Protein chains: 2
Amino acid sequence: MRRDIFQAIADPTRRAILVLVAVQAMTPNAIAEHFDIRRQSISKHLRILSECDLLVPRQEGREIFYELKIDKMKEIDTWLDQFRKIMEESFKQLDEVLFTIKNKKK
Amino acid sequence: MRRDIFQAIADPTRRAILVLVAVQAMTPNAIAEHFDIRRQSISKHLRILSECDLLVPRQEGREIFYELKIDKMKEIDTWLDQFRKIMEESFKQLDEVLFTIKNKKK
DNA sequence: TATACGTGCAACCGTTCGGCTGCGCAAATT
DNA sequence: AATTTGCGCAGCCGAACGGTTGCACGTATA
């Protein structure tokens, strides 16, 4: 059973849940009202999101409020950093090429 | 057949391919050398990545170089922006609360 | 021209995914 | 004490996933 953030956010329903919960912590029932899906299926999604630490359940009586763990979202951002760096490097090389051309013209 | 960026980067092999190709455009064979997977399977991944515009094929004789389309990566970043904004709002509200407490103390 | 090479496509197969229903359990309400 | 409510778990099922093999086709090389 693969269970990483990228697999978690691959599903559109789960992405929508994350957005919902980002605004304020919500219970499974409250979340389910926003979708055309049975509560149990939402529960499955919440389980997956919790398992990879994107959500944290907070019990309150017989209700469970799921809260977004924003820090975990940063991991996606960190992954994107690689490409930002690589691209930066590419531009540096491009700059060098342009610089060389410039000098040749002299 | 779902086919969006998030589903594309859900697979670890595809993420690795993106990193490889980010450094320099590569052919399917060259990419396949980095994995314990048949060339045809890599081709499948390249097809998926191309279909959602993360990669662009450039034919050169009988070889095909796949190049990263960095712009498409920004879409992920754009999605993350929602959360950055929401969190910013939360902090503002927190600031207000703290401000109110502060004033009450006076 | 015949052969080797680089590639994509089609068909197959076991596993995973994402819905569903039915159930049991604990907390709240009556 | 009995009932309602909120929830998670287990099992089912069709579809999608990610690997495989075999093949066809265009391009380079002998």
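## Close-ups of the DNA strand C surface and the A–B interface

**View 1. What DNA strand C shows to the protein.** In this predicted model, sugar or phosphate supplies 64% of the strand C atoms that lie within 4 Å of the protein, and bases supply the rest. Around the strand sit 26 residues. The closest of them come from both chains: A:Lys44 and A:His45 on one side of the list, and B:Asn29, B:Ser43 and B:Tyr66 on the other.

**View 2. Side chains of chain A at the strand.** Here we zoom in on A:Ser41 and A:Lys44. A polar side-chain atom of A:Ser41 sits 3.1 Å from a phosphate oxygen of DNA strand C. A:Lys44 goes for a base instead: an N or O atom of the A:Lys44 side chain is 2.5 Å from a base oxygen of the strand.

**View 3. B:Arg39 and the elements around the strand.** From chain B, B:Arg39 puts a polar side-chain atom 3.1 Å from a base oxygen of DNA strand C. Now for the elements that give two or more residues to this surface: chain A brings helix H2 (12-23) and helix H4 (39-51), while chain B brings helix H3 (28-32), helix H4 (39-51) and strand E2 (63-68). H4(B) hands over the largest share, 5 residues. Sort the residues of the surface near strand C by type and you get 12 charged, 10 polar and 4 nonpolar.

**View 4. Where chain A meets chain B.** Swing over to the protein–protein contact, and you'll find 25 residues of chain A in contact with 25 residues of chain B. Together the two chains bury about 2,200 Å², with 77% of that on carbon and sulfur atoms. On the chain B side, B:Arg15, B:Trp79 and B:Phe83 lose the most area to chain A, and together they make up 23% of what that side buries.

**View 5. A salt bridge between the chains, and the chain B side of the contact.** A:Arg84 pairs up with B:Asp77 in a salt bridge, their closest N and O atoms 2.6 Å apart. The count between the two chains is 2 salt bridges, and there are also 2 residue pairs in polar contact, both at pLDDT 80 or more. Which helices of chain B each supply at least two residues of the side that touches chain A? They are helix H1 (5-8), helix H2 (12-23) and helix H5 (70-105). H5(B) gives the most, with 11 residues. By type, this side of chain B splits into 17 nonpolar, 6 charged and 2 polar residues.

Conventions. Residues numbered from 1 in each chain as written. Chains lettered and ligands numbered in written order. Predicted model: local features only at pLDDT ≥ 70, side-chain atom pairs only at ≥ 80, totals over all residues. Heavy atoms only, no water. Near = heavy atom within 4 Å. Polar contact = N/O pair within 3.5 Å; in protein donor to acceptor, adjacent residues only side chain to side chain. Helix = DSSP H or I, 4+ residues; strand = E, 2+ residues; numbered from the N terminus. Nonpolar A, V, L, I, M, F, W, Y, C, P; charged D, E, K, R; others polar. Contact = heavy atoms within 4.5 Å. Buried area = accessible area lost by both parts, 1.4 Å probe. Salt bridge = Lys/Arg side-chain N within 4 Å of Asp/Glu carboxyl O.
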